[in-house]
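Trainee: I would like to go through this model step by step. Where should we begin?

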Amino acid sequence: MQRKSLFLRFSAGFGFLFLYAPIIALIIYSFNKSKLVTVWGGWSLKWYSELFQNDQIIDAALLSLKIAFISATVAVVLGTMAGYVLSRFGPFRGKMIFSGWITAPLVMPEVITGLSLLLLFVALEGMFGWPSGRGTGTIIIAHVTFCMAYVAVIVQARLSSMDETLEEAAMDLGAKPSSLFFLVTLPLIAPAIISGWLLSFTLSLDDLVIASFVSGPGNSTLPMVIFSKVRLGVTPEVNALATIMIAIVAIGVIAAMFQMRRQARLLAKLD
Amino acid sequence: MTSSQPIDTQNATATANSNVPLWKQQDAEPFLKIENITKKFGEFTAVDNISLDIYKNELFCLLGGSGSGKSTLLRMLAGFESPTSGRILIDGVDMAGVQPWKRPVNMMFQSYALFPHLSVADNVAFGLKREGASKHEVKKRVAEMLDMVQLGHLGKRKPHQLSGGQRQRVALARSLVKRPKLLLLDEPLGALDKKLREETQFELINIQEELGVTFVVVTHDQEEAMTLSTRIGVMNHGVIVQTDEPHDVYEYPNSRFVAEFIGSVNLFEGKVVEDQPAHVRIDSAEAGGTLFVNHGISCAPEQIVHVALRPEKIKISHNRPDQTENCIQGVIEEIAYMGSLSVFKVRLPSGKEVRVTQPNFTRHMGERFTWEDKVFLSWDEDSSVVLTS
C-alpha cells in the first residue's frame with residue numbers, strides 16, 4: 001500500500017469535518033436533557049417523546065412524506081418518458097429546446113420556479129377555476145415539475161450508455177416496441193429509475209422555498225413548520241426530528257448505493 | 001428500374017441437376033432477392049444499387065472492409081434500416097414496410113446482445129414467448145436448442161457468468177430457436193480467439209446443414225469467409241465487386257481490389273503485346289520481361305493491365321529452371337519461417353518486391369535459401385490471372 005501524503009489526509013479529514021460536524025452536533029444535542037438548545041444538560045430521550053406528542057410536527061411530517069412519495073412517483077414516470085424521448089427518438093424538430101427546457105429547473109433559482117408556479121396557479125384558477133386554492137395538490141405539481149428534470153437527466157444518461165443492439169435484438173425476436181420497453185429497456189434502466197425516485201423523494205422532502213410559494217393555509221410541510229419554529233426559537237424537538245430524518249435518509253442512501261454497486265458490477269462483468 | 005446487374009454464373013447449366021448448386025441453375029428461384037437496393041445517409045451512399053440473389057440453404061458471406069456497406073445491407077435485411085430505393089424479397093414476399101418483429105428473419109449480433117437481466121434459458125425463450133408458444137413448447141424447444149449448442153447444463157446462468165465462446169453459442173441458439181427462414185450473422189466469430197474461431201466455424205457449418213436455414217454472414221475476415229461460405233460477395237464502397245464461390249474468388253479475382261483483399265498477391269503492371277483467344281503476352285517492365293498467360297481476355301490492344309500471381313504459385317530455385325517463359329530473376333531480401341511454410345521477399349532488378357511462399361515439405365528443406373541469394377522465380381502459364389480493372 002502506498003502511503004497517502006499528509007496533505008491528502010488533511011484534505012480528507014477537513015472535508016469530512018466540514019460536512020459532518022454540524023450533523024453530529026445536531027444528533028448529540030437531540031439527546032440533550034436541557035430545555036435550552038445551546039446548553040448541555042446530560043443525556044435524555046425526552047425530546048423524542050415530546051416530538052411524538054406534538055401533533056403539528058407529526059402532521060407536517062406525514063404530509064411531507066405523502067407529498068414526497070406522490071411527487072417522486074409521478075416525476076419518475078414523466079421523467080423516464082422525457083429521458084427516453086431524448087435518447088431514443090433521434091433528432092426531431094425542437095429537440096434542443098426540449099432538452100434545454102427539461103433541464104432548466106436544475107439551474108433555475110428556486111425562488112423563480114416557486115414564484116412562476118404560483119403565478120401560473122393563480123392565473124389558472126382565475127381562468128378555469130382550477131386549482132381552487134393552493135394546498136397539497138399544488139405542492140405536488142410543483143415538486144413533480146422540478147423532480148422530473150432530475151429523473152430525465154439520470155434516465156437519459158443510463159439509456160445513452162446502454163447497448164442499443166439489445167433493443168434491436170428484442171425487436172428481431174418478435175417484440176413490438178410497446179412490449180420491448182417493459183421487457184428489456186425498463187429492467188435495464190431500473191437502477192437509474194430507482195435512484196431517480198430516491199433523489200426526487202429527498203428533494204421533495206427537503207424543499208422549503210417552492211413549497212412556501214405554492215402551499216395554502218393549513219398545508220404546511222415539515223420544512224415549513226421547522227423553519228417557522230426556528231424563527232420563534234429552536235426547540236430541542238426539532239433536533240430530535242432532524243436526527244430521525246437523517247437516520248432514515250442514511251439508510252435509504254446506503255441501500256441505494258449497495259443496489260447501484262451490485263448493478264454496476266453486473267454490467268461491468270458483461271462488458 | 002429494370003437494369004439489374006447480371007450475376008456471375010460461370011458454366012451455368014440449364015439442367016436442374018441436384019448436384020449442381022442452385023446458383024448455377026438458370027431457372028432456380030432465389031430465396032432472398034435483393035433488387036437495386038440503395039441506402040443513403042444524407043449525402044453519403046452506404047449501399048449503392050446492389051442486386052443479389054441468394055438461394056435456399058446457402059451460406060452466403062458478405063465480405064468487405066469497414067465502411068464497405070456490408071453491415072448496412074444486413075441491417076436492411078433485418079428491417080432496422082429501410083432502403084432509400086429498391087426491393088428486398090424474402091421467399092417471394094416483398095419486405096417493404098414489414099417491421100423487424102414481423103420478418104421471418106433472425107439476427108445474431110456482433111456484440112451478441114444477450115439480455116443481461118435474463119438467464120441463458122430465458123434469453124433463448126424470449127423469441128418463443130413473443131410468438132405466444134405454450135409453456136410446454138417453449139421449455140421443450142429451449143432445451144433442444146441449448147443441447148444443440150452444448151449448453152444444456154448452463155440454462156440457469158446469467159450471460160455475465162459465461163465465457164466468450166459460450167455467449168456466442170447462446171446468441172446462436174437464441175437466433176435459431178424461432179426457426180427463421182433466414183439467419184443473419186454479423187461478424188459471428190469476431191470476438192473469439194483464434195482456436196475457438198476455428199472450432200466454431202465448423203460447428204456453424206454443421207448447424208447450418210442440419211437445420212437447412214439460409215445464412216447470410218457479414219465479415220471482414222477473409223479466412224472466415226473462405227472457410228464458411230458457399231459463395232462470397234466481396235463488397236467495396238457500397239457495391240458488390242464480385243460474387244463467386246470461395247475457390248473462384250481466390251483463383252479468379254475479377255479486379256485488383258478483390259485480388260488484393262483476399263489473400264496476398266503479387267501484381268505486375270504491363271502492356272498487352274499479343275492478344276490471342278487462348279493466350280496473351282504481356283510486356284511488364286516491373287517483372288522485367290514478358291509474361292505469358294494461357295487465357296484470353298477482352299481488352300483493347302496495348303491496354304495497360306495487371307497480372308496477378310499468388311505467392312504460393314511461384315517456384316523458387318537457385319538454378320535456372322528449364323522453362324523459357326514466366327521466369328524471372330531476383331535477390332532474396334527477407335525470409336520469414338512460419339512453421340508450415342516459409343515466406344520469401346524477393347527484390348527484382350526493377351525494384352519490385354515479390355512475395356513467395358513455399359511449403360516446408362520435409363523437416364530439412366531440400367534446398368537452403370538465405371539472405372542475398374540470387375534466385376530464379378518461375379510459375380506455370382495457368383497460374384496467373386490478367387486483371388483489366
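Mentor: With a definition: two residues are in contact if their C-beta atoms, placed from the backbone, lie within 7 Å. Keep in mind that this is a predicted model.

Trainee: How many residues does each chain bring to the contact between chain A and chain B?

Mentor: The two sides are counted separately. Chain A gives 18 residues. The count for chain B is 19 residues.

Trainee: Which element supplies the largest share of the side of chain B that touches chain A?

Mentor: Two elements of chain B each supply at least two residues of that side: strand S6 (105-108) and helix H2 (120-131). By class, the side has eleven nonpolar, five polar and three charged residues. The largest share is four residues, and it comes from H2(B).

Trainee: What is the helix content of chain A over residues 61-259?

Mentor: That range is covered by the UniProt annotation "domain: ABC transmembrane type-1", taken from an unreviewed entry. Its end C-alpha atoms are 27 Å apart. Strand makes up 0% of the range, and helix 82%.

Trainee: How are H6(A) and H8(A) oriented relative to each other?

Mentor: Helix H6 (residues 136-161) and helix H8 (residues 177-206) of chain A pack with their axes 9 Å apart, at an angle of about 155°. Angles over 145 degrees count as roughly antiparallel. H6(A) is therefore, relative to H8(A), roughly antiparallel.

Trainee: What is the class make-up of the contact of H6(A) with H8(A)?

Mentor: H6(A) passes H8(A) in a right-handed crossing. On H6(A) the contact residues include A:His143, A:Tyr150 and A:Arg158; on H8(A), A:Ile189, A:Gly196 and A:Ser204 are among them. By class, this contact has one charged, five polar and eleven nonpolar residues.

Trainee: Which strands are the edges of the six-stranded sheet in chain B?

Mentor: The sheet is open and its pairing is mixed, with the order S6-S7-S8-S3-S9-S10. Neighbouring strands are turned by 20° against each other on average, direction ignored. An edge strand here pairs on one side only, and this holds for S6 and strand S10 (239-244) of chain B.

Trainee: Which residue in S8(B) stands opposite B:Asp186?

Mentor: Strand S7 (residues 182-186) and strand S8 (residues 214-219) of chain B pair in the parallel sense. Five bridges make up this pairing. Opposite B:Asp186, in S8(B), stands B:Val218.

Conventions: Residues are numbered from 1 along each chain as its sequence is written. Chains are lettered from A and ligands numbered from 1 in the order in which they are written. This is a predicted model: local features need pLDDT of at least 70, side-chain atom pairs count only at pLDDT 80 or more; totals for chains, interfaces and linings use all residues. Ala, Val, Leu, Ile, Met, Phe, Trp, Tyr, Cys and Pro count as nonpolar, Asp, Glu, Lys and Arg as charged, and the others, Gly among them, as polar. UniProt positions are given in the numbering used here, feature names are shortened, and annotations may be inferred rather than shown by experiment. Axes are lines fitted to C-alpha atoms, for helices over the stretch in contact, and angles run from 0 to 180 degrees between N-to-C directions. Angles under 35 degrees count as roughly parallel, over 145 as roughly antiparallel, 65 to 115 as roughly perpendicular and the rest as oblique. A crossing is left-handed if the near helix is turned anticlockwise from the far one by less than a right angle, and right-handed if clockwise. Two strands pair if DSSP finds at least two bridges between them.
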